[in-house]
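Please open the model in your viewer with the ligand displayed, and keep a selection panel at hand. The tour goes from the ligand outward, through the enclosed spaces and then to the open ones.

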Amino acid sequence: MVTWYSSPSARAWTAPSVDVSARAFHRSMPGYAVTPLVELPTSADELGVGRALVKDESLRMGLPAFKVLGASWACHQVLKRHPGAELVTATDGNHGRAVARMARHFGVAATVFVPEVMLDETAELIGAEGAEVVRLEVGYDHAVRAAAEYAAESDGRALVQDTAWEGYTEVPEWIVDGYQTLLEEVDEQLGGAPHLVVVPVGVGSLAEAVVQYHRRPGAPHPSVLSVEPDTAACVLTSLAAGEPVTVPTGSTVMAGLNCGTVSASAWPVQRAGCDSAVAVTDNETRQAVADLGALGVSSGPSGAATLAGVRAALANPARRTALDLPGDAVVVLLSTEGNHR
Ligand SMILES: Cc1ncc(COP(=O)(O)O)c(C=O)c1O
């Protein structure tokens, strides 16, 4: 099994300029606030870098994960085109809850398809937002297909999916645009770009936003490290193969990262501009959840995977050399969810 990928030249790639118009919309939403960027001096010492900071997404617009940044902007755009439409999606958890919350906010119905591995309590939280929850005896990739088929059955339904495939790219791109808000906030909080950004990866849409943002024209081009569960490393496997590869998935504590197929829109961006990728085990991530908790940061497994990933990268001399960080490097970990509901 491949557990590491490095392509230092990808740092030099320049992306087209990014659309940051979601930021003004987010500012207009109830509960919007810049989330904390927390300094972790003990982690900086452990990792042998100048500064380590964690972007704490444990409370974002009233929900315990960053996903609502993308869902809110995409739902807003979709409902402008299809006023009153029933919003449909499939989810590992956070995205579906965010779409359900937005449907309630905009006063429309939502139907959310969930895979068999989802915990009952997660499905109940989505239902508690007022959505119809449809549980399927299949994995995430198949749940996405089922949601797309259901949405296509009626003009009164609109799919709001956070992964792209051939013929379905516009909505996922709005979702990626929505994530830009988080990255702008980090640069504002730091007063500039970090040297290394560590991003947890499911289908790769958040990582697409990170690569687009940090490879935009005129940007300083920091290193981007993608982190996935070793049981669902579709982006790492695809990068190593040089083409999209679907991997079988099972269960992992990193529920939000449990995806077997890279988003079709994320893939070309990752391939061109992502310079490193690592896979981590459930045990490494459990340790990271506990360690961040002890440092006062509420970080669920899909968020704390970034600490596990940067450890797995920087503790290995060859990987460390490939990342080519300065001695006083500033490292930002995107902790994309809290360790609570
Ligand atoms: C908490 C959390 N972090 C990271 C991700 C990964 O995002 P993406 O699927 O865009 O790679 C997800 C996806 O659901 C998530 O819920």
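A cavity, as the word is used here, is a set of grid points, computed over the protein atoms alone, where a 1.4 Å probe fits but cannot get out, and a molecule sits in a cavity if more than half of its atoms lie within 2 Å of the grid points of that cavity. Please bear in mind throughout that this is a predicted model.

**Stop 1: the ligand**

Select the ligand first, and note that the space taken by the ligand is the largest cavity. Next, select the shell around the ligand, which consists of 15 residues, the closest being N94, G202, G204, L206 and T336. Coloured by class, this shell shows six nonpolar, seven polar and two charged residues.

Which polar atoms of the protein should be picked for distances to the ligand? Begin with N94, where an N or O atom in the side chain is 2.8 Å from an oxygen atom of the ligand. Then move to the backbone, where a polar atom of V203 is 3.0 Å from an oxygen atom of the ligand, and where a polar backbone atom of S205 is likewise 3.0 Å from a ligand oxygen atom. Taken alone, the ligand exposes 390 Å², of which the protein buries 98%.

**Stop 2: the largest cavity**

Now hide the ligand and look at the space itself. The structure holds two cavities of 30 Å³ or more, and about 280 Å³ of space lies in the largest cavity. Its lining is made of 24 residues, and those closest to the centre are F66, K67, G202, G256 and L257. Two elements, α4 and α8 (205-214), give two or more residues to this lining, and α8 supplies the largest share, with three residues. By class, the lining of the largest cavity divides into ten nonpolar, ten polar and four charged residues.

**Stop 3: the second largest cavity**

Select L63, P64, A65, K67, V68, N94, R97 and A98, which line the second largest cavity, a space of about 60 Å³. Here α4 gives the most to the lining, with three residues. The lining residues of this second cavity comprise five nonpolar, one polar and two charged. N94, already selected for the contact between its side chain and the ligand, appears again in this lining.

**Stop 4: the largest pocket**

From the enclosed spaces, turn to the open ones, starting with the largest pocket, which has a volume of about 530 Å³. Of the 26 residues that line this pocket, select D92, L119, T122, A255 and R341, which are the closest to its centre. The elements that contribute two or more residues to the lining are α4 (94-106), α5 (120-128) and α12 (301-314). Which of the elements gives the most to this lining? That element is α5, with three residues. When coloured by class, the lining of the largest pocket has ten nonpolar, twelve polar and four charged residues.

**Stop 5: the second largest pocket**

For the last selection, choose Y140, D141, V144, R145, T163, A164, W165, V203, T261, V262, S263 and A264, the residues that line the second largest pocket, whose volume is about 220 Å³. This lining has seven nonpolar, three polar and two charged residues. Keep V203 highlighted as you finish, since this residue lines the second largest pocket and also places a polar backbone atom 3.0 Å from an oxygen atom of the ligand.

Notes: Residues are numbered from 1 along each chain as its sequence is written. This is a predicted model: local features need pLDDT of at least 70, side-chain atom pairs count only at pLDDT 80 or more; totals for chains, interfaces and linings use all residues. Side-chain values use heavy atoms; hydrogens and water are left out. On a 1 Å grid over the protein atoms alone, a cavity is a set of points where a 1.4 Å probe fits but cannot get out, and a pocket is an open set with protein on both sides within 12 Å along at least five of seven lines; lining residues have an atom within 4 Å of a point. Grid points are joined across faces, edges and corners, and a volume is the space filled by probe spheres set on the points. Helices (H or I, at least four residues) and strands (E, at least two) are DSSP runs, numbered from the N terminus. Ala, Val, Leu, Ile, Met, Phe, Trp, Tyr, Cys and Pro count as nonpolar, Asp, Glu, Lys and Arg as charged, and the others, Gly among them, as polar. A residue is near a molecule or strand if one of its heavy atoms lies within 4 Å of it. A polar contact is a pair of N or O atoms within 3.5 Å; within protein, one must be able to donate a hydrogen and the other to accept it, and residues adjacent in sequence count only if both atoms are side-chain atoms. Accessible areas come from the Shrake-Rupley method with a 1.4 Å probe; for residues, only the protein chains shown count as cover.
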